[in-house]
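Work through the exercises below with the sequence and the structure side by side. Try each task before reading its solution.

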Amino acid sequence: MTQCLFCRIIKKEIPGRVVYEDDAIVAFEDINPQAPVHILVVPRKHIDSLMNLTKEDKELMGSLFLVANGLAKTHNLTPSGFRTVINTGSGGGQTVYHLHVHLLGGRQMTWPPG
Ligand code: AMP
Ligand code: ZN
């Protein structure tokens, strides 16, 4: 049994509030939302972080952002706008080492992020 939290959510070994899934990607609500909409878009394939991306993952990364685009639409985040974030490594604020895109929206975002 894998120790990776997001692999376990993907395999439904632990509960997640899944809002989208296909053969390559699962999206679920963040347990500690930082905005009215805060969804994590996650590849089924375990990739530790953006640092570990390979050419093999080229199409998968495109699919991740297309899913984020679709979820932004279904969650009414357009046309006001939304934010997508990938935290990478400890200096980037990453806490779960399974690559994921944060989709945040429903409030005004500020810059720079913390
Ligand atoms: P990051 O800090 O970029 O690695 O993002 C990890 C995210 O996973 C954080 O926003 C956490 O709130 C979220 N998270 C941690 N545990 C869970 C869980 N069991 N279900 C959903 N989201 C989680
Ligand atoms: Zn994993």
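**Exercise 1.** Decide whether Lys 12 is buried or exposed in this predicted model.

*Solution.* Start with the cut-off: a residue is exposed when its relative accessible area is over 50%. Lys 12 has 52% relative accessibility, so Lys 12 counts as exposed. Next, place the residue. Lys 12 sits in the loop between α1 and β1 (18–21). Then check the backbone. Lys 12 is not a glycine, yet its phi is positive, about 65 degrees. For comparison, most residues other than glycine have a negative phi.

**Exercise 2.** Find where Asn 76 lies, and give its phi.

*Solution.* Asn 76 is in the loop between α2 and β4. Its phi is positive, about 65 degrees, although Asn 76 is not a glycine. Its relative accessible area is 64%, so Asn 76 is exposed.

**Exercise 3.** Trace the salt-bridge network that includes Lys 12.

*Solution.* Step one: Lys 12 pairs with Glu 21, with 3.2 Å between the closest N and O atoms. Step two: Glu 21 also forms a salt bridge with Arg 44, at 3.1 Å from N to O. Glu 21 belongs to strand β1, while Arg 44 is in the loop between β3 (37–43) and α2, so this pair ties together parts 23 residues apart in sequence. Step three: look at the cover. Arg 44 is partly exposed at 29% relative accessibility, and Glu 21 is partly exposed at 40%.
Now take another pair. Glu 56 and Lys 45 meet in a salt bridge, again given from N to O, at 3.1 Å. Both lie in the loop between β3 and α2, so the pair ties together parts eleven residues apart in sequence. Glu 56 is exposed, with a relative accessible area of 66%, and Lys 45 is partly exposed, with 35%.
Last, assemble the network: shared partners join Lys 12, Glu 21 and Arg 44 into one. The count of salt bridges comes to six.

**Exercise 4.** Which residues coordinate the zinc ion (ligand 2), and what geometry does the site have?

*Solution.* List the donors: Cys 4 (SG), Cys 7 (SG), His 46 (ND1) and His 98 (ND1), at 2.0 to 2.3 Å. Their sequence spacing is C-x2-C-x38-H-x51-H. Cys 4 comes in the segment before α1 (5–10), and His 98 in the loop between β4 (82–85) and β5 (101–105); the pair links distant parts of the chain, 94 residues apart. Cys 4 and His 98 are both buried.
Now test the angles. Four donors count as tetrahedral if all angles lie between 85 and 135 degrees. The angles among the four donor atoms here are 104 to 118 degrees, and the site is tetrahedral. The ideal tetrahedral angle is 109.5 degrees.

**Exercise 5.** Locate the cis peptide bonds at Pro 79 and Pro 112.

*Solution.* The bond from Thr 78 to Pro 79 is cis, with omega near 5 degrees. Pro 79 is in the loop between α2 (58–74) and β4. The bond from Trp 111 to Pro 112 is also cis, with omega near 5 degrees. Pro 112 falls in the segment after β5.

**Exercise 6.** Describe the chain as a whole: its elements and its radius of gyration.

*Solution.* Count two helices and five strands. Their order along the sequence is α-β-β-β-α-β-β. A compact globule of 114 residues would have a radius of gyration near 13 Å; the chain has 14 Å, which agrees. Buried residues make up 37% of the 114.

Methods: Residues numbered from 1 in each chain as written. Chains lettered and ligands numbered in written order. Predicted model: local features only at pLDDT ≥ 70, side-chain atom pairs only at ≥ 80, totals over all residues. Heavy atoms only, no water. Donors = N, O, S within 2.8 Å, 3.2 Å for Na, K, Ca; no water. Tetrahedral: all angles 85-135°; square planar, octahedral: opposite > 155°, others 65-115°. Helix = DSSP H or I, 4+ residues; strand = E, 2+ residues; numbered from the N terminus. Buried < 20%, exposed > 50% of the residue type's maximum accessible area, 1.4 Å probe, protein only. Rg over C-alpha atoms; globule rule 2.2 N^0.38 Å. Salt bridge = Lys/Arg side-chain N within 4 Å of Asp/Glu carboxyl O.
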